[in-house]
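Student: I should like to go through this structure with you, starting from the core and then turning to the side-chain pairs. Could we begin?

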Amino acid sequence: MERCGWAGPDEIYLKYHDTDWGVPEYDSRALWEKLVLDGFQAGLSWLTILKKRENFRSAFAGFQPDIIAEWGPVEVERLLADKGIIRHRGKIEATISNARVWQNLEARGGFDQFLWNYMGGIPLQNSWKTLEDVPAFTPLSTQISKDLKKEGFRFCGPTIVYAFMQAVGMVNDHLVTCHRHAEVAEIALAKTR
């Protein structure tokens with residue numbers, strides 16, 4: 001079975017590639033969780049985050065933004081002492097402030113709508129043949145990054161945003177030789193019908 005060249009050999013990586021990555025996500029809270037995790041990944045491998053994902057979920061109250069938005073210095077110190085997550089003060093503090101920004105966007109029509117409006121609600125279906133063809137960022141990820149920062153988000157540069165767009169299926173960046181490319185395209189088509 002052919003997969004994108006970045007997937008593997010770890011079983012957790014293969015499972016993520018085969019079940020999650022690139023599948024369109026429309027749930028506002030789940031989108032926020034994935035953006036937070038992509039922010040934590042900055043400077044690290046995605047495999048590191050995958051291996052700690054359940055620890056992150058536990059430490060960050062299931063990534064419930066309404067809970068996290070109420071946190072302050074006590075929770076920051078608790079998280080900095082948690083060996084099960086990435087202990088980076090800037091990323092932890094950004095997650096708390098980003099939860100407050102999420103609340104504002106949610107109240108104005110939804111974080112999901114804010115993001116998917118860039119796509120007209122329909123995932124972009126790319127046709128990359130090699131990993132070298134896949135960009136690290138695009139003009140659209142740059143624009144979304146700028147707009148997120150304007151709203152107050154942190155740790156959301158163009159490269160992080162593009163990785164996020166790939167993960168949540170705003171773009172289908174499975175290689176055309178990958179068994180998931182056609183499957184993800186069909187899932188996207190079914191969700192937009």
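**The core and the side-chain pairs**

Tutor: In this predicted model, the largest nonpolar core has 52 residues, and of these Phe-60 and Phe-111 touch the most other members.

Student: Which helices each supply at least two residues of this core?

Tutor: They are H1, helix H2 (28-41), H3, H5, H6, H7, H8 and H9.

Student: Let us stay with Phe-111. Is Phe-111 buried or exposed?

Tutor: Phe-111 is buried, because its relative accessibility is 0% and the limit for that class is under 20%.

Student: What is Phe-111 in contact with, leaving aside its neighbours within four places in sequence?

Tutor: Its contacts are Ser-28, Leu-31, Trp-32, Leu-35, Trp-102, Leu-105, Glu-106, Leu-148 and Phe-153.

Student: On to the rings. How many aromatic pairs does the structure hold?

Tutor: There are 12 aromatic pairs. One of them joins Phe-111 and Phe-153, with 5.6 Å from centre to centre and 25 degrees between the planes. That pair is stacked.

Student: Which parts does the pair of Phe-111 and Phe-153 tie together?

Tutor: Phe-111 belongs to helix H7 (residues 111-116), whereas Phe-153 sits in the loop between helix H8 (139-151) and helix H9 (158-167). The pair therefore links parts that are 42 residues apart in sequence.

Student: And is Phe-153 buried or exposed?

Tutor: Phe-153 counts as buried, at 4% relative accessibility.

Student: Why is the pair of Phe-114 and Tyr-118 called edge-to-face?

Tutor: The ring planes of Phe-114 and Tyr-118 are at 85 degrees, so the pair falls in the edge-to-face class, for which the angle must be over 60 degrees. The ring centres are 5.8 Å apart.

Student: How do Phe-114 and Tyr-118 stand in accessibility?

Tutor: Phe-114 is buried at 16% relative accessibility, and Tyr-118 is partly exposed at 24%.

Student: What else does Phe-114 touch, not counting residues up to four places away in sequence?

Tutor: Phe-114, which lies in helix H7, touches Leu-105, Asp-147, Leu-148 and Glu-151.

Student: Which residues form one aromatic cluster?

Tutor: The cluster consists of Trp-32, Phe-40, Phe-56, Phe-60, Phe-63 and Trp-71. Phe-60 has already come up as one of the two core residues that touch the most other members.

Student: What lies over the face of Trp-71?

Tutor: Arg-78 does, at 5.1 Å from the ring centre.

Student: Changing topic to charges: how many salt bridges are there?

Tutor: The count comes to 11 salt bridges. Among them is the bridge of Asp-10 with Lys-51, whose closest N and O atoms are 3.7 Å apart.

Student: Where do Asp-10 and Lys-51 lie?

Tutor: Asp-10 is in the segment before helix H1 (11-19), and Lys-51 is in helix H3 (residues 46-59). Their salt bridge therefore ties together parts that are 41 residues apart in sequence. Asp-10 is partly exposed, at 28% relative accessible area, while Lys-51 is exposed, at 53%.

Student: Where is Lys-51 relative to Phe-114, by their C-alpha atoms?

Tutor: The C-alpha atoms of Phe-114 and Lys-51 are separated by 29 Å, and the two residues are 63 residues apart along the chain.

Student: What is the distance in the salt bridge of Glu-77 with Arg-89?

Tutor: The closest N and O atoms of Glu-77 and Arg-89 are 3.0 Å apart. Glu-77 is in helix H5 (residues 73-80) and Arg-89 in helix H6 (residues 89-107), so this bridge connects parts 12 residues apart in sequence. Both are partly exposed, Glu-77 at 42% relative accessibility and Arg-89 at 38%.

Student: And which helix holds both Arg-180 and Glu-183?

Tutor: Both lie in helix H10 (residues 179-192), three residues apart, which is about one turn of the helix. Their side chains meet in a salt bridge of 2.8 Å, N to O. Arg-180 is buried, with a relative accessible area of 7%, whereas Glu-183 is partly exposed at 36%.

Student: Which salt-bridge partners join into one network?

Tutor: Arg-29, Glu-33, Glu-54 and Arg-57 are joined into one network by salt bridges that share partners.

Student: Back to Arg-180: what does Arg-180 touch, not counting residues up to four places away in sequence?

Tutor: Arg-180 touches His-17, Asp-18, Thr-19, Val-23, His-174 and Ile-187.

Conventions
Residues are numbered from 1 along each chain as its sequence is written. This is a predicted model: local features need pLDDT of at least 70, side-chain atom pairs count only at pLDDT 80 or more; totals for chains, interfaces and linings use all residues. Side-chain values use heavy atoms; hydrogens and water are left out. Rings of Phe, Tyr and Trp (its six-membered ring) pair if their centres lie within 6.5 Å; planes under 30 degrees apart count as stacked, over 60 as edge-to-face and the rest as tilted. Helices (H or I, at least four residues) and strands (E, at least two) are DSSP runs, numbered from the N terminus. Buried means under 20% relative accessible area, exposed over 50%, partly exposed in between (1.4 Å probe, protein chains only). A charge sits over a ring if NZ of Lys or CZ of Arg is within 6 Å of the ring centre and within 35 degrees of the ring normal. A salt bridge is a side-chain nitrogen of Lys or Arg within 4 Å of a carboxyl oxygen of Asp or Glu. A nonpolar core is a set of buried Ala, Val, Leu, Ile, Met, Phe, Trp, Tyr and Cys residues joined through side-chain atoms within 4.5 Å. Contact means heavy atoms within 4.5 Å.
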